[in-house]
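Welcome! Have a look at the protein below, and then try the exercises at your own pace.

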Amino acid sequence: FISSVFVGGEVSLFARVVHTGRTSLKVQVEAWRRRRDGDQAHKVTEGVFTFVAIDEHRKSRPLP
């Protein structure tokens, strides 16, 4: 985490797909906060998340 988010603050998430593979995709996410009494936004954290498509047997499967 880069900074804290306090109760009553507004949190905005922005995400985009950064890579698509045969069975998985990676999504980059940024979280920004804005205080209730202010207009300026500040990044509070970011990350890249990998999601894998699975079948009913929990084995990876090709993306649609």
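The exercises below go from the whole chain to single residues, each with a worked solution.

A word before you start: the model is predicted.

**Exercise 1. The overall plan**

Find out how many helices and strands the protein has, and in which pattern they follow along the sequence.

Solution.
- Step 1: Count the elements. The protein has zero helices and three strands.
- Step 2: Read along the sequence. The pattern is β-β-β.

**Exercise 2. The overall dimensions**

Compare the radius of gyration of the protein with that of a compact globule of 64 residues.

Solution.
- Step 1: Take the reference. For 64 residues, a compact globule would have a radius of gyration near 11 Å.
- Step 2: Take the value of the model. Here the radius of gyration is 16 Å.
- Step 3: Look at the box. Along the principal axes, the C-alpha atoms fill roughly 50 × 20 × 20 Å.
- Step 4: Turn to the surface. About 5300 Å² is accessible, and carbon and sulfur atoms account for 54% of that area. Of the 64 residues, 16% are buried.

**Exercise 3. How the strands pair**

Work out in which sense E1, E2 and E3 pair, and what joins them along the chain.

Solution.
- Step 1: Start with E1 and E2. These strands run antiparallel and are joined by 10 bridges. The link between E1 and E2 is a hairpin of three residues.
- Step 2: Find a bridge between E1 and E2. Serine 12 has tryptophan 32 of E2 as its bridge partner.
- Step 3: Go on to E2 and E3. Strand E2 covers residues 24-34 and strand E3 covers residues 41-52, and their antiparallel pairing has 11 bridges. Six residues lie between E2 and E3 in their hairpin.
- Step 4: Find bridges between E2 and E3. Leucine 25 is partnered by phenylalanine 51 in E3, while arginine 34 stands opposite alanine 41.
- Step 5: Put the pairs together. E2 pairs with E1 and also with E3.

**Exercise 4. Arginine 16 and its surroundings**

Locate arginine 16, name its bridge partner in E2, and decide whether the residue is buried or exposed.

Solution.
- Step 1: Place the residue. Arginine 16 belongs to strand E1, which spans residues 10-20.
- Step 2: Look across to E2. The bridge partner there is glutamine 28.
- Step 3: List the contacts beyond four places in sequence. Arginine 16 touches Lys26, Val27 and Gln28. Although arginine 16 and valine 27 are 11 residues apart along the chain, 5.5 Å separates their C-alpha atoms.
- Step 4: Judge the accessibility. Arginine 16 counts as exposed because its relative accessible area is 52%, and the cut-off for exposed is over 50%.

**Exercise 5. Valine 29 and glutamate 46**

Compile the contacts of valine 29 and of glutamate 46, leaving aside neighbours within four places in sequence.

Solution.
- Step 1: Begin with valine 29, which lies in E2. Its contacts are Leu13, Phe14, Ala15, Thr45, Glu46, Gly47 and Phe49.
- Step 2: Check one distance. The C-alpha atoms of valine 29 and valine 18 are 10.0 Å apart, with their positions 11 residues apart in the numbering.
- Step 3: Move to glutamate 46, which lies in E3. Its contacts are Gln28, Val29 and Glu30.
- Step 4: Check the distance to glutamine 28. Its C-alpha atom and that of glutamate 46 are separated by 7.4 Å, at 18 residues apart along the chain.
- Step 5: Classify glutamate 46. A relative accessibility of 45% makes glutamate 46 partly exposed.

**Exercise 6. A residue after the last strand**

Describe where arginine 58 sits, its phi angle and its exposure.

Solution.
- Step 1: Find the place. Arginine 58 is in the segment after E3.
- Step 2: Read the angle. Its phi is positive, about 65°, although arginine 58 is not a glycine.
- Step 3: Decide on exposure. Arginine 58 counts as exposed because its relative accessibility is 69%.

**Exercise 7. The charges**

Give the numbers of positive and negative charges, and the distance between their mean positions.

Solution.
- Step 1: Count. The protein carries 11 positive and 7 negative charges.
- Step 2: Compare the centres. Their mean positions lie 6 Å apart.

Notes
Residues are numbered from 1 along each chain as its sequence is written. This is a predicted model: local features need pLDDT of at least 70, side-chain atom pairs count only at pLDDT 80 or more; totals for chains, interfaces and linings use all residues. Side-chain values use heavy atoms; hydrogens and water are left out. Helices (H or I, at least four residues) and strands (E, at least two) are DSSP runs, numbered from the N terminus. The radius of gyration is taken over C-alpha atoms; the globule rule is 2.2 Å times the number of residues to the power 0.38. Buried means under 20% relative accessible area, exposed over 50%, partly exposed in between (1.4 Å probe, protein chains only). Accessible areas come from the Shrake-Rupley method with a 1.4 Å probe; for residues, only the protein chains shown count as cover. Lys and Arg count as positive and Asp and Glu as negative; His and the chain ends are not counted. The place of a charge is taken as NZ of Lys, CZ of Arg, CG of Asp or CD of Glu. Two strands pair if DSSP finds at least two bridges between them. Contact means heavy atoms within 4.5 Å.
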